Amino acid sequence: MLISAAKQTTYDDILNKLLAADVKSRILNSSVSLKGKNPKKTDFDGSAAMLCYKGNTTFLVSAKHNLEVYWEGGSRPPLNQTLLDSFRQSIKIYYQASMQFNAVPAQVAVISEVIPVKIGSEGDWDYDVMILKSTDPGLLQVCKANQIYPLTDTKQKQAYDQVVKAGRLYLSKTPVKDSTAYFIQSGFGRVRDTVEGTSLPKDKPGPGKHGGLQYRDTAPKAQATDTVYFQVGQTNNYEPYIAAIQLDADANSSTFKGDSGGPLYFTYFDKSAKVWRLFVIGVTTGGDMSTAREPCPPKGTLVANNISTSLAHCYSQGLFQ
């Protein structure tokens, strides 16, 4: 992530507020890195999140376009079993039982299944979500201790579903009336970039390092999900992404390459129960995309927004079980 030192200090303060009820530790420990070599023998890196478990299987979520980045073909490849098997065999899950900011996870798990998710008649790549499964026993133990989606508790699962299926609730300006709420992204991406001759982050860089766990606080820019468009190079070709959550970002706070697939957490303080509630509502798709087929960011703007793809469809369809 591209984050300035000043903004990183602010984000650290926010995360430390979430220490109660192990919310901070669950955010850190459920964030995982995806790494390996692609078919061209170059390095691939992405991000994902442990979500829940059933039996001996851990469910993780990531961005489907990580398959496209992995294939490195210059355009969207056929979404076939050859691609899924290649990714599964070549990419590993890196996690840590007691994760800390900037730490590089050292524990390794194998992916057992890759499930790209598609909505109805939309194109193969339009809904940017894939589910990963792993039967690694070490990963399972960490997931059990840090489970986000309470799949094994029917009552808690129903309460969780009521929130994550209601996008207009958690994307509103006041997501939970009279309560403190935060939207937090995590990832393991690169921390420096140059845009139009300007180094990012624009102000003094924060301490984040590529491959180490990073996080940022953000907020929705719209009260509903929408379709956004990614401009391919400087061409008139625009690739659509549906169910997009538009998030604020600027030259001193943004996701970047390698953060793709990282989770978007929503957490709020439940005053009646006096506990913090934690949800994974999306996965990082990218940045600088518009709801129209037009260049984004606008001329003179270095960073306009970040995009996370909503998981509401996956929860509604019961795909994590």
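**A walk through the pockets and cores**

In this predicted model, the largest pocket draws at least two lining residues from each of strand S3 (43-54), helix H3 (65-71), strand S10 (193-195), strand S13 (226-231), strand S14 (238-247) and S17. Its volume is about 1500 Å³. Altogether 49 residues line the largest pocket, and those nearest its centre are Phe 230, Phe 256, Lys 257, Gly 286 and Gly 287. Sorted by class, this lining holds 16 nonpolar, 21 polar and 12 charged residues.

Let's move on to the second largest pocket, which offers about 400 Å³ of space. It has 18 lining residues, with Pro 150, Gln 156, Tyr 160, Arg 277 and Leu 278 closest to its centre. Helix H6 provides the largest share of this lining, five residues. Here the classes come to 10 nonpolar, three polar and five charged residues.

Tyr 160 also leads us into the largest nonpolar core: among its 52 residues, Leu 51, Tyr 160, Ile 281, Tyr 315 and Phe 320 touch the most other members. Strand S17 (residues 275-287) contributes the most to this core, with six residues. Apart from it there is another core, of 25 residues, including Val 32, Phe 44, Leu 84 and Leu 139.

Finally, take a look at Tyr 149, in the loop between helix H5 (137-146) and helix H6 (154-164). Is Tyr 149 buried or exposed? With a relative accessible area of 2%, Tyr 149 falls under the 20% cut-off, so it counts as buried. Among the residues Tyr 149 touches are Leu 51, Tyr 160, Tyr 315 and Phe 320. The side chains of Tyr 149 and Asp 161 are also joined by a polar contact of 2.8 Å.

Key. Residues numbered from 1 in each chain as written. Predicted model: local features only at pLDDT ≥ 70, side-chain atom pairs only at ≥ 80, totals over all residues. Heavy atoms only, no water. Core = buried A, V, L, I, M, F, W, Y, C linked by side-chain atoms within 4.5 Å. Buried < 20%, exposed > 50% of the residue type's maximum accessible area, 1.4 Å probe, protein only. Helix = DSSP H or I, 4+ residues; strand = E, 2+ residues; numbered from the N terminus. Contact = heavy atoms within 4.5 Å. Polar contact = N/O pair within 3.5 Å; in protein donor to acceptor, adjacent residues only side chain to side chain. 1 Å grid on protein atoms, 1.4 Å probe; cavity = no way out; pocket = protein on both sides within 12 Å on 5 of 7 lines; lining within 4 Å. Points joined across faces, edges and corners; volume = space filled by probe spheres on them. Nonpolar A, V, L, I, M, F, W, Y, C, P; charged D, E, K, R; others polar. Lists of a residue's contacts leave out its neighbours within four places in sequence.
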